[in-house]
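The following exercises ask the reader to work through a structure step by step. Each task is followed by its solution.

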Amino acid sequence: MYGKGRIIPALLIFLGLMTFPLWYNAGFAHQAPKPEKPAEYKECVRPTQEMRTSHMVMLNQWRDDILREDGARKGVTADGTEYVRSLQNGCMHCHANKKKFCDTCHTYTAVKPYCWDCHLEPKEAM
Amino acid sequence: MRVLKALIAVLALVVIALVAAQVPGGQSLLGRVLPYVAFAIFLGGFVQRVVYWAKSPVPFRIPTTCGQANSLPWIQQNKLDCPSTKAGVVGRMVLEVLLFRSLFRNTQAEVQQGPRLIYGSSKWLWLFALLFHYTFLVIVLRHMRLFTDPIVPFVHSLEFFDGLFQVGAPVLYQSDLIFMGAITFLFVRRLVLNNIRYISLPADYFPLFLIFGIGLTGILMRYFLRVDVVAIKQLTLGLVTFSPVINGQIGTIFFVHLFLVCALMVYFPFSKLMHLGGVFMSPTRNMANNSRMVRHVNPWNDPNIKPHSYASYEDEFREFMVDAGLPVEKEMPAAQEKSAE
């Protein structure tokens, strides 16, 4: 093998970069996020799996519907419960704590939704 | 036909992933075993290929010279295109690796009326190749949000600038659009230009289709079909901490995406994609053109074989040469000439 002095260090750097996640995570304890569920309600406006994957699409749709199309401000769940199509008055009515609900998964997956550029985070009762 | 072969191969991979994700135990195989195998083949194959290249002796200076070589002091040297120093070579390599300078110098020949052959500058390949590679890099780095916990800080700023226009929810990444556009251009270029299509092989189309498939499944997963990202991160983070788990429902589309990425990793070391390592190993790029300043001794010369100049060669064989009537530089001594007669 020729050029050992350059090629072997270069290969080691390459391997180090490629395996970066393997050694970066080693020192930390990993916990899957556990968003706090509301005590008094059992069901959300849509099935849980759909909320997990697509809640952001629904929120976006509500915004467009209500602010841009003059759409209905109220919706009805599958089992007939009426709810407000609103982040602060709807979602946060049950999921009152942003830190213990929204942020758990968003921080875990590096999602920084721009909801809070305009919306206020409900204050804790002090 | 060569296009179809590559397309069929990629479609077959998609079908395999679709079927495997439905079979009991298939998700576990695709998600928890295959990535390790593919990654090991990728790293092992990569190192093996580089070592194989490093074993080939390059006894002579063979840089491509694209400009004026170092010459007399009053002739200006083109230090980047014909470097004679280490610094020049490093400069040339940096520009090549980071900015694809050789593609920037691409020209296109065209026959015009006359007939007249005209060479013009052609920057499209350079532009789209650059866009493709850099958006690919951004996308790979963005994926670090799934492989690190706590998340490496640069991911947040990448995410912010990539989704700067805040289109829709989840926000649209510009890099996704540019990436798909660039790879489509690179593919269409091969199809539309007759001379490029003529020299294109299935091995040229296959990686394009494969990477297009990876991009497409990724985009479907983010914007259209949508998947449970938290469940996916538990799996991906589990993979890099050697405890992969499949919790909850991960959509089939994720397994197609993952399988295509694994296929890319396995395919990588044995294909043209090895230009990732190859660009650094090209003797036509990484050598200084200094043959006129430095004596380069062939490293595999046999030390037992001593240099044999023409003068000493003639000394050794003069008699026979004269006999055979061959011209000699130094005539035979008179006395010997007589005795030979």
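The model examined here is predicted.

**Exercise 1. A pair within one helix**

Task: Determine whether B:R318 and B:E314 are buried or exposed, and describe how their side chains meet.

Solution.
Step 1. Both residues, B:R318 and B:E314, are buried.
Step 2. Their side chains form a salt bridge, with a distance of 3.3 Å from N to O. The cut-off for such a contact is 4 Å.
Step 3. Both residues belong to helix α15 (residues 310–323) of chain B; because they stand 4 residues apart there, about one helical turn separates them.

**Exercise 2. Pairs between separate parts of a chain**

Task: State how many salt bridges are counted over all chains, then locate the partners of the pair A:R85 and A:D65 and of the pair B:E96 and B:R285.

Solution.
Step 1. The general principle is that side chains of opposite charge can pair when their charged atoms come close.
Step 2. Over all chains, the count is 15 salt bridges.
Step 3. One of the pairs consists of A:R85 and A:D65, whose side chains meet at 3.0 Å, N to O. A:R85 lies in the loop between β2 (82–84) and α4 (87–94) of chain A, and A:D65 lies in helix α3 (residues 48–68) of chain A; the two are 20 residues apart, and the pair links distant parts of the chain.
Step 4. The surroundings of the two partners can be classified by relative accessible area. A:R85 has a value of 16% and is buried, whereas A:D65 has a value of 27% and is partly exposed. The class "buried" requires a value under 20%.
Step 5. In chain B, a salt bridge joins B:E96 and B:R285, with 3.9 Å between the closest N and O atoms. B:E96 is part of helix α3 of chain B and B:R285 is part of helix α14 (residues 283–286) of chain B, so this pair ties together parts that are 189 residues apart in sequence. B:E96 is buried, its relative accessible area being 11%.

**Exercise 3. An enclosed space and an open one**

Task: Identify the residues that line the largest cavity and the elements that contribute to the lining of the second largest pocket.

Solution.
Step 1. The count of cavities of 30 Å³ or more is 1. The largest cavity holds about 50 Å³ of space.
Step 2. Its lining consists of B:C66, B:D81, B:R92, B:E96, B:R101, B:S102, B:R105 and B:R285. Both B:E96 and B:R285, the salt-bridge partners of Exercise 2, therefore appear in this lining.
Step 3. By residue class, the lining of the largest cavity contains 6 charged, 1 polar and 1 nonpolar residues. At least two residues of this lining come from each of α3 (86–99) and α4 (101–104) of chain B.
Step 4. The second largest pocket holds about 360 Å³ of space. It has 15 lining residues, and those nearest its centre are B:Q108, B:S122, B:R189, B:L193 and B:I196.
Step 5. At least two lining residues of this pocket are supplied by each of β1 (107–112), α5 (124–142), α8 (174–192) and α9 (194–199) of chain B. The largest share, 4 residues, is that of α8(B).
Step 6. The lining of the second largest pocket divides into 8 nonpolar, 6 polar and 1 charged residues.

**Exercise 4. Cysteines without a bond**

Task: Explain why A:C91 is not bonded to A:C44.

Solution.
Step 1. The count of disulfides over all chains is 0.
Step 2. The cysteine sulfur closest to that of A:C91 is in A:C44, and the distance of 7.0 Å is too far for a bond. A disulfide would require the sulfur atoms to be within 2.5 Å.
Step 3. A:C91 is partly exposed, with a relative accessible area of 22%.

**Exercise 5. Unusual backbone angles**

Task: Find where in chain B the residues B:P115, B:P170, B:Q166 and B:R226 are placed, and describe their backbone.

Solution.
Step 1. The peptide bond from B:G114 to B:P115 is cis, with omega near -10°. B:P115 is in the loop between β1 and β2 (116–121) of chain B.
Step 2. The bond joining B:A169 and B:P170 is also cis, with omega about -5°. B:P170 belongs to the loop between α7 (154–162) and α8 of chain B.
Step 3. The loop between α7 and α8 of chain B also holds B:Q166, which has a positive phi of about 50° although it is not a glycine. B:Q166 is partly exposed at 33% relative accessibility.
Step 4. B:R226 is likewise not a glycine and has a positive phi, near 60°. B:R226 lies in the loop between α10 (202–224) and α11 (229–240) of chain B and is buried, at 17% relative accessibility.

How values were computed:
Residues are numbered from 1 along each chain as its sequence is written. Chains are lettered from A and ligands numbered from 1 in the order in which they are written. This is a predicted model: local features need pLDDT of at least 70, side-chain atom pairs count only at pLDDT 80 or more; totals for chains, interfaces and linings use all residues. Side-chain values use heavy atoms; hydrogens and water are left out. On a 1 Å grid over the protein atoms alone, a cavity is a set of points where a 1.4 Å probe fits but cannot get out, and a pocket is an open set with protein on both sides within 12 Å along at least five of seven lines; lining residues have an atom within 4 Å of a point. Grid points are joined across faces, edges and corners, and a volume is the space filled by probe spheres set on the points. Ala, Val, Leu, Ile, Met, Phe, Trp, Tyr, Cys and Pro count as nonpolar, Asp, Glu, Lys and Arg as charged, and the others, Gly among them, as polar. Buried means under 20% relative accessible area, exposed over 50%, partly exposed in between (1.4 Å probe, protein chains only).
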